[in-house]
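Visitor: I have a model open and would like to go through its sheets, helix packing and cavities. Can you walk me through it?

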Amino acid sequence: MARVHLLVTALLAVVLGLLSTAVIAQVPPDWRAGVEQGNILFTLDEPLDPLRMTYVGNGYAATVVTTDTMYAVGVFNGFNSSSTRARIPSTVAISVTNAEHTGSALDMVNGVYYRRSRYQQCLACAVIDIEQKWYAHRSLASLLVHEIQVNVTSRPANSTEVVTLSLSNNQGANSKDIGFSTVTAPVHGATAWHGQVFAAEESDSLPQQVAVCFSTLPQSISFHVGKVDPSKGPLKYYYLTAIRTSLDSPNSVVDACNDWTTGNQLTTVRPPQQDLFALHVAEWDRVWRSGIEVGGRLELARAINSSLYYLLSSVRPVQTDAKFPIAAYSLSPGSLSTDGYNGHSFWDAETWMYPSLLLFHPQLAYNVLDYRYQRIQPARAKATAYGYQGTMFPWESAFTGYEVCPWAPGSQREQHITGDIGLAVSQYWRVTKDTEWLKTVGFPLISGIAQFWSSRATLNKTTGLYGILGVVGPDEYATGIDGSGINDNAYTNAIVVDCLNFAIEAAGILGAVPPAQWKTVANNMFYPFDYQLQYHPEYQGYVRGQTIKQADTIMLGYPIMYPMNATVRRNDLEYYQTVTDLNGPAMTWGMLSLGYVELQDYSTAAKYFNQSYQYNINLPFFAWMETPNGGCNHFLTGAGGFLQGVWAGYGGVRINSNSLSFTPHLPEGTTYIKYRQMNYLGNKVTVFYNASLISFTLDETPNGAPALVIVDSKGTKQRLVLNKAVSVRLASTPTTIQL
């Protein structure tokens, strides 16, 4: 079986390479450099299947291009477990129906989707080239923009031809989630809708209202070919959509139409470097200052860039503008562009997507935890309802923070989500050392989590050890008899201890006295372990050979970093790889790869690293799917697991109490990796490594940020100075950034 997978992986790599070579030869010259750098994904065959199509988004609004649906962050319809992300019929799925498609591209660096087409009425007639752009404006969050540029490429002398380009929009059926009606738009040239969701999430919450103000789409565009002046550039037509909701506006129709007006005014700004599109591109440029580069493997560079692009397109910083406040929202497995998993937030956010944001975009990582903090009261209420203390976070959370999971074993027993949030809290502190945040956000979260676990733990009076009984771990195939849960899931017990220990540490930092029970439980936790076979059973009573859904026990090594020797770590990896469902979620394979990199078993690591993305991306736009056979589309959880395989796996990056450590190794076929502007203690550091050395360059150090030193494997220290690289030879032991 292993040989079959190696062969399939190799064939996939060859196919991806051949496709890259074949497609590049047909790329228009102005896109070629971006395609060759892995920044632009190009196709001659625009997919009709939404599973293969790309999306544009800005963390407030998103749409899978050409589909009949748009979504706005935080808007859900349905009571309690019926809650689902609310569909808005699309106003930007615009097509030029009488032109012939010539090529499409996703420009990930600039956050734009392009479609190019050509119109020619007869052999002797003018040649008209058309370029359509879709983008969710990165700085003007409410705007989804569709732009059509028309070039008269050639024309007969003294042409009297009138060209008519036919337009249509794929609006689809009426929304089943929002009762829209057309209202009078307070601006000329726009149509306005207003509606509210049919059912609020909780009985005491108000139904959310949504307003859409959008350009009225004509049936066609007509112009006289002979009157077009090529020296003035292409003809441009803008079709803007502004979305506002009652979550950010007391008068959503007026505010949406004001935003629409602002956007339209910016389309005519001169110079063009300050127009609507330029502002969008400039904001994406700021976002992409942090990222990951890889040399020598174009398909890998594309996979990395697309994974980052999709992740970044579904989240944005908190916006405190009084006229347009945007609160903190988390991430969903199916991105903001779909209703996959109903648009809810799970452990996927903190465990799989958040770590990459933390190191490269900490202001976005902040959102993920602030979303939990803002919903701490429902978590306390859930703990109380179950007879526990502290905060018990829901397995699935939507807008209110109350449990909305429709699956009983999840809603009742996948309690490791509370530990996953706790681990994310400790990671944020270790990367930022933001004492004010720890005091106001971090400690309220982690102390409530510690209270929950200390009240949740059950003492075995015979052994004197504590256990966590009746749970479901990450392996959702193991739900116990009639969904009653399993006892002492290794992952859950380990993350409980991690949370308790950090809560004790945080209390000390803030001068608080932690309850003695926290330490008692942490120091006396039971861990399933088979001394004869030297491995960790998934839970107490686990029978060897049982198929598991996804990574579970192997995550003791990472991200929990539970101490174990290399033999046990290898035994865990080698056993669980044989019983993991091959049609399970994508992120498992990245965790296996990461573990084998730790053990310096690079051939096995390469196998699982390739499997972590090559089986689960849909060409041509590297759109993630949950499993090789489908599942949730635009699956950000898989993208997050894959990205951790790049920096935590091959980069060997570990977030420690007082340092970032690196033990890097190059993925097969690559020549270098660069982590642009990683964030540590407020500093931005670019890390580069190849087969022989690793270098660190301090790019930015804001006022108040502490000075950093690089400590190599021999203990030699070198201070980081702005814009000056510090290089050290690679070794099998870590190089660290620290104070």
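Guide: Start with a sheet. This is a predicted model, and in it four strands make an open sheet, ordered E2-E3-E4-E7, with antiparallel pairing.

Visitor: Which strands stand at the edges there?

Guide: Strand E2 (55-57) and strand E7 (88-89) do. Each has a single partner strand, so one side of each has no neighbour in the sheet.

Visitor: How many bridges between E2 and E3?

Guide: Three bridges, with E2 and strand E3 (residues 61-64) pairing in the antiparallel sense. As an example of a bridge, Val56 has Thr63 in E3 as its partner.

Visitor: And what holds paired strands together in general?

Guide: Strands of a sheet pair through backbone hydrogen bonds, in either a parallel or an antiparallel way.

Visitor: OK, now the sheet with E22, E23 and E24. What is the strand order?

Guide: The order is E22-E23-E24, an open sheet of three strands with antiparallel pairing. Strand E22 (617-618) and strand E24 (630-633) are the edge strands, each pairing on one side only.

Visitor: What joins E23 to E24?

Guide: A hairpin, through two residues. Strand E23 (residues 623-627) and E24 are paired in the antiparallel sense over two bridges. Thr627 has Gly630 in E24 as its bridge partner.

Visitor: Switching to helices. How is a packed pair described?

Guide: By the angle between the two axes and the distance between those axes.

Visitor: At what angle do H15 and H16 cross, then?

Guide: Roughly 160 degrees, for helix H15 (residues 587-598) and helix H16 (residues 602-614), and their axes come within 8 Å. That angle makes H15 roughly antiparallel to H16, since angles over 145 degrees are classed that way.

Visitor: Left-handed or right-handed crossing?

Guide: H15 passes H16 in a left-handed crossing.

Visitor: What about H5 and H17, how far apart are their axes?

Guide: The axes of helix H5 (residues 298-312) and helix H17 (residues 636-650) are 9 Å apart, and the helices pack at an angle of about 130 degrees. H5 and H17 are therefore oblique to each other. H5 also passes H17 in a left-handed crossing.

Visitor: Now the empty space inside. How many cavities of 30 Å³ or more?

Guide: The count comes to four cavities of 30 Å³ or more. The largest cavity has a volume of about 130 Å³. Its lining has 16 residues, and Val73, Arg85, Ser330, Gly343 and Ser345 are the closest of them to the centre.

Visitor: How does that lining divide into nonpolar, polar and charged?

Guide: For the largest cavity, seven lining residues are nonpolar, eight are polar and one is charged.

Visitor: And what volume does the second largest cavity have?

Guide: About 70 Å³. The residues lining the second largest cavity include Glu350, Asp420, Tyr491, Tyr558 and Gln644. By class, that lining has six nonpolar, three polar and two charged residues.

Visitor: Which helices supply at least two residues of the lining of the second largest cavity?

Guide: Helix H6 (347-360), helix H10 (416-432) and helix H12 (490-510) each do. Others to pick out in that lining are Thr351, Leu423 and Ile495.

Terms used. Residues are numbered from 1 along each chain as its sequence is written. This is a predicted model: local features need pLDDT of at least 70, side-chain atom pairs count only at pLDDT 80 or more; totals for chains, interfaces and linings use all residues. Side-chain values use heavy atoms; hydrogens and water are left out. Two strands pair if DSSP finds at least two bridges between them. On a 1 Å grid over the protein atoms alone, a cavity is a set of points where a 1.4 Å probe fits but cannot get out, and a pocket is an open set with protein on both sides within 12 Å along at least five of seven lines; lining residues have an atom within 4 Å of a point. Grid points are joined across faces, edges and corners, and a volume is the space filled by probe spheres set on the points. Ala, Val, Leu, Ile, Met, Phe, Trp, Tyr, Cys and Pro count as nonpolar, Asp, Glu, Lys and Arg as charged, and the others, Gly among them, as polar. Axes are lines fitted to C-alpha atoms, for helices over the stretch in contact, and angles run from 0 to 180 degrees between N-to-C directions. Angles under 35 degrees count as roughly parallel, over 145 as roughly antiparallel, 65 to 115 as roughly perpendicular and the rest as oblique. A crossing is left-handed if the near helix is turned anticlockwise from the far one by less than a right angle, and right-handed if clockwise.
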